[in-house]
Amino acid sequence: MTIRCQALLGTFVEIAIDSDDSLVMDDAFSTIKQIQDLMGFHNPLSELNQINRWAHQVSLQVHPWTIEVLRIAQEIYKQSNGLFNCGIGYRLVTAGLLPRHIDYSEYELGGIEDIEFTGPQTLRASKPVCLDLGGIAKGFAVDKAVESLMANGIKSGCVNAGGDLRVFGDTPRSIQIRNPNQPSQLIDIGSLQNGAIATSGLYFAYRDQQESYFINPLAQDESEAHIQFSDSYSVLAHECVYADALTKVLALSKEQGHPCFSHFEAQAIRIAA
């Protein structure tokens, strides 16, 4: 098993494969880098920030991957009754957790539901938006990296982007989740084969120094929008993009039986602090 790691997506991405082909690894990391460049909020020139700046004024042509992520985000928004909404970027900007590329003070902002797809690769927004894809794009990048590896003939492996993990092939991988009471300790929850898991937790957040990056999009009062919690929330799914996004639904709803999980054939795991 060959293992390599790179700093991407605001975390460390580790790829492990049953081959020593370095070019295959390079292709997978390049795929992740491309998604970071397209959908990263911190880069003012990213495609995401062009959407935030212009989509309410003109129809934009964007990359098929960006369209795919936004369509999935809309589907999860609808199935979760608004608990998952990528339109919370401005709240993170206001709290100083994301950079301020645009002055939103004069706008009445919409959300992911206000994105309209006008063609296979074109979209516009019915309202100004400040989208942040931090809650879904990492899982999507993991899936695309796995697709790249499989397309290059890799039979078995794993891609792990800071807790967003997908395993493929015949070799199961043991899965551990951090103990929310003692984050340096790991809890073994079994093994995973041909599937994905993502975990959301505030293990290392400096809760007394800044607002939580975890946002309840349904909160009307800004003081109630930033959610603090001590538990650990994980979701198992066929694809990492769904596991990643659905951890937010679990953490906000606290319902392991939320209809959203059965709709996406996902399983929720909550570890109480």
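These are my notebook entries on selected helices, strands and cores of a predicted model.

**Entry 1, helix 1.** I looked up the extent of helix 1, which covers residues 22–39 and has 18 residues. From its first C-alpha to its last it reaches 26 Å, close to the 26 Å expected at 1.5 Å a residue. I then checked how the N-terminal end of helix 1 is capped, and found D21 there. A side-chain oxygen of D21 lies 3.0 Å from the backbone nitrogen of L23.

I listed the buried residues of helix 1 next: V24, M25, A28, F29, T31, I32, I35, L38 and M39. What covers these residues? I found that the cover includes strand 1 (2–8) and strand 2 (11–17). Helix 2 (47–54), helix 3 (64–79), helix 5 (137–151) and strand 6 (157–161) are also included.

**Entry 2, helix 6.** I turned to helix 6, residues 240–253. Its 14 residues should span 20 Å at 1.5 Å a residue, and its end C-alpha atoms are 20 Å apart, which agrees. For burial I counted against the cut-off of under 20% relative accessible area. In helix 6, 14 of the 14 residues are buried, so this helix is largely enclosed by the rest of the structure. I also noted the residue that follows helix 6: K254, with a positive phi near 60 degrees.

**Entry 3, cores.** I looked for the largest nonpolar core and found that it has 81 residues. Those with the most contacts inside it are I15, I76, I136 and L246. Helix 6 gives the most to this core, with 10 residues. Another core, of nine residues, lies apart from it, and I noted V167, I177, I197 and I269 among its members.

I picked I136 for a list of contacts, leaving aside neighbours within four places in sequence. I136 is in contact with V69, I72, A73, I76, F84 and C86, and also with V241, D244 and A245.

**Entry 4, strand 5.** I examined the side chains along strand 5, residues 122–125, and found that they alternate. L123 and A125 point to one face and are buried, while T122 and R124 point to the other and are not.

Which way does strand 3 run against strand 5? I found strand 3 (residues 60–61) antiparallel to strand 5, with two bridges joining them. L60 stands opposite L123 of strand 5. Strand 4 (residues 115–119) also runs antiparallel to strand 5, and four bridges join this pair. The bridge partner of E116 is R124 in strand 5. I recorded strand 4 and strand 5 as a hairpin with two residues between them.

Key:
Residues numbered from 1 in each chain as written. Predicted model: local features only at pLDDT ≥ 70, side-chain atom pairs only at ≥ 80, totals over all residues. Heavy atoms only, no water. Expected span 1.5 Å × (residues − 1). Buried < 20%, exposed > 50% of the residue type's maximum accessible area, 1.4 Å probe, protein only. Contact = heavy atoms within 4.5 Å. Polar contact = N/O pair within 3.5 Å; in protein donor to acceptor, adjacent residues only side chain to side chain. Core = buried A, V, L, I, M, F, W, Y, C linked by side-chain atoms within 4.5 Å. Pairing = 2+ DSSP bridges.
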